[in-house]
Amino acid sequence: MTSRTIQGLSERGTALAISGGIRDRFGSVLGDPFHAESNPKGFVNIGTSESYTMLPEVTKFANERVRFEERDFSYGDGPWGSERLRCAMAKHMNKHFQPVQPVDPSDILFSNGVTSLCEQLGFSIAEAGDGIMFTRPIYQAFRSDFGTRAKITPVWVSFRGDDQFTTSSIKHWEAAYDQASKDGITIRAVMLCNPHNPLGRCYPKSLIIALMEFCQKRKLHLLSDEIYASSVYDVPSSDVPAVPFISVLSFDTTPYIDTQYLHVLYGMSKDFASGGLRLGCIYTRNEHLFRAMGAMSQFHWLCNPAEKLAAVMLESEEWMEHFQALSRKRLAERNSLTRRLLDDLSIGYSAKSNAGFFIWADLRRYLPSIARDGRKICGWEAEEELMEMLRENGVFMTPGNHLSADEPGFFRIIFSQEESVLKEGMRRVGETIARIEKE
Ligand SMILES: Cc1ncc(COP(=O)(O)O)c(C=O)c1O
């Protein structure tokens, strides 16, 4: 035992114990949820990205349409996804992603969530300490998904005020790559989060191609996380035409990137309002990567009844059409409502979002300059303080720092909620910032 370890733990165990984990961060946020009638004093969580508005439809479907058999409680076909589930997912993707080449079920590997797939990818394409490139801001868990055990170094791409959804943003990717290389980091991949979490926007085809060429030139993998592919909605009030979602599977990419370096991540958590099923998949035509990731499948074994449920859902095509159309309609409604609530509070936001469950809100002018303990604060400390003040007032939204934002003061609001939750959440936000303004 070295002096750096906690008694009884290894060095790596000690590092994990000290860093804490998801339980420390989310224990208080997920417990005691607000409900307008049954728990009006409960906690309003508008920070966790889930399709809350569609949970009743999935629940009804599961209770009415799924029957379990003895086989569903066995180990099933194996840990990587049953034949039935992979066929159902391939069929769904062939219908909704418009692939130029049909998705073959044998090129799909399932795991218990995209979260786990990121870790499996990290182990398979990089050595500990190697880098993967991410935009700023970005979905907060990528850092730990790739970092906690696979030990990937995040290489952040800052856009310095430029629009990261235009092809001219490539210069920032190049600058970040060059700087990381100077710092001795070997970069292995680019993460393309499309639609983007937390900015809620889709990448135009021209930029996707530019990123493919960027990767091809440097022999990098392009990991395309398309988990919000079908959660793209119309913003009724917007006069700027939004960029529609296109999958990397939907056009011939062979002139731009080697197929062995292009991989798509998808799953049940967002478009199907089923985060609790813990089902994610990767589509790759890289046989060696498939085998490497599959060699870790036993640690990510799927829950067989969950596989059955997902397969029945995906196979019920008529129900699925209705479900996803309703989901998009509700997303559009709740997005509009949230914009109105933010306007009422004079909180700015990125008006270009048309995908995912989030709005990127600008609370820079409400950052407190004095902490609750009387200290003068600014910058990231002020953002953290605002998050804590909001938490004390019973509402959580994800601060930009957790999402690796460039600048303090932005928060991600999840609007895929019941109206009563959004209204109460924004009421508590309004109360908190009014108190700060009185300072
Ligand atoms: C962009 C993105 N990728 C992956 C995930 C995690 O997916 P899963 O529930 O399949 O682990 C999330 C969840 O918020 C996400 O927003």
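Here are four short exercises on this predicted model, each with a worked solution.

**Exercise 1. The sheet**

Give the strand order of the open sheet and find out which strands stand at its edges.

*Solution.* Let's start with the order. The sheet is open, has 7 strands and runs E2-E8-E7-E6-E5-E3-E4, with mixed pairing. Next, look at the two ends of that order: strand E2 (108–111) and strand E4 (153–157) each have a single partner strand, so one side of each is left without a neighbour in the sheet. As for twist, neighbouring strands are turned by 25° against each other on average, direction ignored. Finally, zoom in on one pair: strand E3 (residues 131–135) and strand E5 (residues 187–193) pair in the parallel sense over 3 bridges. Glycine 131 has isoleucine 187 as its bridge partner in E5.

**Exercise 2. Helices across the sheet**

Work out which strands helix H7 lies across, and do likewise for helix H8.

*Solution.* Take H7 (residues 170–182) to begin with: this helix lies across E3, E4 and E5, and runs at about 140° to E4. Then turn to H8 (residues 205–218), which lies across E5 and strand E6 (221–225) and runs at about 145° to E6.

Now for the loops that lead to these helices. In the loop between E4 and H7 sits arginine 160, whose phi is positive, about 50°, although this residue is not a glycine. The loop between E5 and H8 holds proline 195 and also proline 198. The peptide bond from asparagine 194 to proline 195 is cis, with omega near -5°; the bond from asparagine 197 to proline 198 is cis too, with omega near 20°.

**Exercise 3. A helix pair**

Decide how H5 and H9 are oriented to each other, and describe their contact.

*Solution.* Begin with the geometry: helix H5 (residues 114–125) and helix H9 (residues 287–294) pack at an angle of about 120°, their axes 9 Å apart. Angles of 65 to 115 degrees count as roughly perpendicular and those over 145 as roughly antiparallel, and H5 and H9 are therefore oblique to each other. The crossing of H5 past H9 is right-handed. Now list the contact: from H5 come Gln120, Leu121, Ser124 and Ile125, which meet Leu289, Ala292 and Met293 of H9. By class, these residues are 5 nonpolar, 2 polar and no charged.

**Exercise 4. The ligand shell**

Find how many residues surround the ligand and how they divide by class.

*Solution.* The count is 13 residues, with Gly113, Val114, Thr115, Ser269 and Gly280 the closest. Sorting the shell by class gives 4 nonpolar, 8 polar and 1 charged.

Terms used:
Residues are numbered from 1 along each chain as its sequence is written. This is a predicted model: local features need pLDDT of at least 70, side-chain atom pairs count only at pLDDT 80 or more; totals for chains, interfaces and linings use all residues. Axes are lines fitted to C-alpha atoms, for helices over the stretch in contact, and angles run from 0 to 180 degrees between N-to-C directions. Helices (H or I, at least four residues) and strands (E, at least two) are DSSP runs, numbered from the N terminus. Angles under 35 degrees count as roughly parallel, over 145 as roughly antiparallel, 65 to 115 as roughly perpendicular and the rest as oblique. A crossing is left-handed if the near helix is turned anticlockwise from the far one by less than a right angle, and right-handed if clockwise. Two residues are in contact if their C-beta atoms, placed from the backbone, lie within 7 Å. Ala, Val, Leu, Ile, Met, Phe, Trp, Tyr, Cys and Pro count as nonpolar, Asp, Glu, Lys and Arg as charged, and the others, Gly among them, as polar. A residue is near a molecule or strand if its C-beta atom, placed from the backbone, lies within 6 Å of it. Two strands pair if DSSP finds at least two bridges between them.
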